[in-house]
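Let's take a look at a protein together. Have the sequence and the 3D view ready, and we'll go through a sheet and then a patch on the surface.

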Amino acid sequence: DNNSYLYGGGSLAFVFTDLFPKNDILSFGKASFAFGRTGSDIGPYNIYQVYNSAGFYGTLPSLTIPNQIPNENLKPALSDAMEAGLELKFLKNRLRFNANYFDRVSKDQILAVTLPSTTGFSTALINAGEVSSTGFEFSLGGTPIKSKDFNWDLNANFATSKNKIVELYPGVDNFQFGSFGFVGTPLIRVERRVGKAWGEIVTGAIKRDANGNNLIDDDGFPIIEEGQNYGTFVPKLTGGLTSSFTYKGFTAGFSMDFQIGGKLFSVTEGNLEGSGLAKITAGLNDKGNPKRDAVANGGGILIPGLRASDGKANTTYIDPQDYYEGHIPYAWGERTHDATYLKLREVSLGYNLPVSFVSKLKAQSASLSLTARNPWLIYTKIKGIDPSESAGNWNEGGQLPGTRTIGLNLKITF
């Protein structure tokens, strides 16, 4: 009977500083451990075959069979998790540290697998294997300066995790997470493959030799090789930093965040180059002539690399429109980049009006603040793209760039 499931959890915490004499060095210390199981199921009408109302066929009512095959043997998805943590406070809570480790295993996830159209259905519901996730989370905070008139708080956090596909459905070693491509073009795919990291990006890109040289055909175009693995879109490390200052009635603060690693596919980059709006598609070539002039008149571009036929350096110039519009846009790997970034997310400056002034307004309090959001992308490995503003977790879908806003706020409490 798969129609019910049992889940629950428990936790333990030990404040070990209660065993020590009170002191100003280690103000507080706690170790914790938690474990639990969570379950999830699926909505009604997915276990047994049902029919959908399709209106009338003439004067007769009609029914249709759904496009998804139900599964009478479907089991609930279960996730087991364990977490261990350590919390420390030093110097009368002026310095704070938290560390957590987690280990999660998810089994029998309910997935809809794609079926060939010849079956008469589009998908079928199955329970798929096992996925493991492990990681660490850290936070470090403190109050470097604390006085009667001035206070400074600083907090940082970091997180890292690894996800692995341990097992899928019998006979299946890969279950696609997502894909992108235009009609009639090759796809860029995000895979969930057994034994690999979760979310690896696989697609076509320029073929290169063991030394990293582009391999060029005899017409001067790079050779495209399908099935290249660019690694997972899951970042190696994420984190942030916040800081706040108060001086008498004045307040100030900022927040930053960052990501190290992970891959991001950019549609914008391909759109700009394919439409001829990217800077790289115009200007002068290495001969000093306009790239968009005819190749016979000294124009065109030269793709650096070695000819695959004889191993010699490529010397054949090609038309930039043929390359940027017709050839390279569908080598999606050339649009897949390291998503590392560092960003100043927000900056604020405020002032709490004196009580003597506020009382004249018959108010309890009043404050004035100036806030800038998205003020500065300090660093990114993707030229012209802000990875932190991506509409998707693995692809930047050609959306408009993020906006920078500056706001002035007056708050009065009566």
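In what order do the four strands of the open sheet come? The order is E10-E11-E12-E14, and the pairing is antiparallel. Strands here are DSSP runs (E, at least two residues) and helices are too (H or I, at least four), numbered from the N terminus. Two strands pair if DSSP finds at least two bridges between them.

Before going on: this is a predicted model, where local features need pLDDT of at least 70 and side-chain atom pairs count only at pLDDT 80 or more, while totals for chains, interfaces and linings use all residues. Residues are numbered from 1 along each chain as its sequence is written, and side-chain values use heavy atoms, with hydrogens and water left out.

Back to the sheet. Here are its edge strands, each pairing on one side only:

| Edge strand | Residues |
|---|---|
| E10 | 178–180 |
| E14 | 224–232 |

Inside the sheet, E11 (residues 188–191) and E12 (residues 200–206) pair in the antiparallel sense over three bridges. Look for Val190: its bridge partner in E12 is Ile201.

Now for the surface. Which element gives the most residues to the nonpolar patch? That's E23, with four residues. Strand E21 (365–380) and strand E23 (405–413) are the elements that give two or more.

Leu361 sits in the loop between helix H3 (355–358) and E21. Leu361 is partly exposed (between 20%, under which is buried, and 50%, over which is exposed; 1.4 Å probe, protein chains only), because its relative accessible area is 40%.
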